[in-house]
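Let us walk through a protein model step by step. Keep the sequence and the 3D view open as you read.

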Amino acid sequence: MKRRTFLHSSSLYLAGAGLAAALPLDLLARKKAISPNAKINVGAIGINGMGWADLTALLKIPEVQCVALCDVDKSVLDKRAAELAQKGMKVATYSDYRKLLDNKDVDVVVIGTPDHWHCLIMHDACAAGKDVYCEKPAGNSIIECSTMVAAQQKYNRVVQVGQWQRSNKHYQDAMSFVHSGKLGQVRLVKAWAYQGWMKSIPVQPDGPVPAGVDYDMWLGPATKRPFNPNRFHFNFRWYWDYAGGLMTDWGVHMIDYALLGMKANTPKSVVASGGKFAYPDDAEETPDTLTTVYEFNGFNMLWEHATGINDGPYSRDHGVAFIGNNGTLVVDRGGWEVIPEKINGKEKMDAVARQKKEDDGLTLHAQNFIDVVKSRKMEDLHCPIQDGAHVATVCQMGNISFRTGKKIYWNDVRRDFNDDKAANKLLSAEYHNGYKLPKV
């Protein structure tokens, strides 16, 4: 597949840059196969939001049990441990993820931390012989995405990215229709997220670290800063140190299906324009309004996001639209439909009434992950790290264009933005506080 070829090239690029390292023999010895009938022990790292939702989905599977939890916030850790105790599960608790990885009883790791931790923890988990379910977006930079792919290949672990829409049947059916050719030539794809529920984040002063929070561990490789409540827990995603705003929060979901529908690799050029137009004086750094145009061979892809507004294209607050000569297919989390083109009042194709969602994507995604943990058939994963890293890379390109304020051009051979120093500087997130990008 072109997309996997692209990411394999990324891992070769890393090796060529001097980042190759031999696999320690002690780690080889720690790897173990899981019997199809055995209990699968899960350790979850980062359990306040989606990490807890992911763990909950996994625990619906009879052979899965939780044996360890890790979070830098003791109040969250104690709360989740108590919830599991009520279900008869007594778990080990940690504030340092490395101690959880040392627990030999843990077979599978869930990573639900802020984005800036994904790469390091995934790499270390794979090196420790664990299989991984990692929240989206895969990495917080293009080089991190490539590093994560290389780590999976080196240690041969099962790594599923939490883009659970890939396990919804209605999305799969919609892609089959797009690939059937019935829409005619598709020259434009739109993907969007209009988030009316998101309000302004008031500016707050720096303050003391809350009791029970290991703030240094929370920061990890991010820039050392005083504690500010706006940057902690859910709102971390609106700050460049830790994440990429709505582009990488919702964009990885929607743009993923735009790429899947078009069987697209990487764009030739990207231009993004936007800013803090809705709430110009609030605390967040990332843009609350953004329009991004990706140029591919034969078609363009348009990404739009806006906070404080619900009424997006086709009267949907999120979705993907494949606009063809004969008609347009629109898909979102609730279902999909086809709207025919008309010439002189005559429809160019048959309409398809809305096909509604009938299943729980997150539950199915968790089951798919566990099935592959047991079978070791990596090709059966619905969203392997190769694919999660690919869409995260494309989203990072949009943010890089916005942050540099110009149109950027991707060189697929060199794996960079030609001689654009400003854009190339943003290929990799800077690591601080003694942390370093893993050498793979």
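Start with the annotated regions. UniProt, in an unreviewed entry, lists residues 40-162 as "domain: Gfo/Idh/MocA-like oxidoreductase N-terminal". Keep in mind that this is a predicted model. Over residues 40-162, the chain is 41% helix and 22% strand. The end C-alpha atoms of that stretch are 19 Å apart.

The record also lists a second region. Residues 201-433 appear in the unreviewed UniProt entry as "domain: Gfo/Idh/MocA-like oxidoreductase bacterial type C-terminal". Over residues 201-433, helix makes up 27% of the chain and strand 23%. Here the end C-alpha atoms are 28 Å apart.

Now look at a contact between distant parts of the sequence. Ser 146 lies in helix H7, which covers residues 142-155. Is Ser 146 buried or exposed? Ser 146 has a relative accessible area of 6%, so it is buried. Ser 146 and Ala 389 are 243 residues apart along the chain. Yet their C-alpha atoms are separated by 7.0 Å.

Next, turn to the cysteines. A disulfide is a covalent bond between the sulfur atoms of two cysteines. How many disulfides does a search of the whole structure find? The search finds 0. Take Cys 70 as an example. The closest cysteine sulfur belongs to Cys 66, and it is 11 Å from the sulfur of Cys 70. That is too far for a bond, because the two sulfur atoms of a disulfide must lie within 2.5 Å. Cys 395 is in no disulfide either. The nearest cysteine sulfur to that of Cys 395 is in Cys 145, 9.3 Å away. Both residues are hidden from the surface by the numbers. Cys 70 has 3% relative accessibility and counts as buried. Cys 395 has 0% and also counts as buried.

The aromatic residues come next. A pair of aromatic rings is described by the distance of the centres and the angle of the planes. A search of the whole structure finds 16 aromatic pairs. One of them joins Tyr 215 and Trp 218. Their ring centres are 6.2 Å apart and their planes meet at 15°, so this pair is stacked. The angle decides the name, because planes under 30 degrees apart count as stacked. Tyr 215 and Trp 218 are 3 residues apart in helix H9, residues 215-219. That puts about one helical turn between them. Both Tyr 215 and Trp 218 are buried.

Compare this with Phe 234 and Trp 238. Their ring centres are 6.3 Å apart and their planes are at 75°, so the pair is edge-to-face. Phe 234 counts as partly exposed, at 40% relative accessibility. Trp 238 counts as buried, at 2%. Aromatic residues also gather in a group. Tyr 215, Trp 218, Phe 227, Phe 232 and Tyr 242 form one aromatic cluster.

Some rings have an arginine above them. Arg 237 lies over the face of Phe 234, at 4.0 Å from the ring centre. Likewise, Arg 403 lies over the face of Trp 240, at 4.3 Å from the ring centre.

Arg 237 leads to the next stop, a pocket. The largest pocket holds about 710 Å³ of space. It is lined by 37 residues. Which of them are closest to its centre? They are Gly 112, Thr 113, Pro 114, Phe 236 and Arg 237. Helix H6 (118-127), H9 and helix H10 (245-249) each supply at least two residues of the lining. H10 gives the most, with 3 residues.

Finish with the backbone. Most residues other than glycine have a negative phi, and most peptide bonds are trans. Three places stand apart from that pattern. The peptide bond from Lys 136 to Pro 137 is cis, with omega near -10°. Pro 137 sits in the loop between strand E5 (131-134) and H7. His 233 has a positive phi, near 55°, and is not glycine. His 233 is found in the loop between H9 and H10. At 27% relative accessibility, His 233 counts as partly exposed. Arg 415 also has a positive phi, of about 65°. Its loop runs between strand E17 (408-409) and helix H14 (421-425). Arg 415 is buried, with a relative accessible area of 7%.

Methods: Residues numbered from 1 in each chain as written. Predicted model: local features only at pLDDT ≥ 70, side-chain atom pairs only at ≥ 80, totals over all residues. Heavy atoms only, no water. Buried < 20%, exposed > 50% of the residue type's maximum accessible area, 1.4 Å probe, protein only. UniProt positions renumbered as here; feature names shortened; annotations may be inferred. Helix = DSSP H or I, 4+ residues; strand = E, 2+ residues; numbered from the N terminus. Phe/Tyr/Trp six-rings, centres within 6.5 Å; stacked < 30°, edge-to-face > 60°. Lys NZ or Arg CZ within 6 Å of the ring centre and 35° of its normal. 1 Å grid on protein atoms, 1.4 Å probe; cavity = no way out; pocket = protein on both sides within 12 Å on 5 of 7 lines; lining within 4 Å. Points joined across faces, edges and corners; volume = space filled by probe spheres on them.
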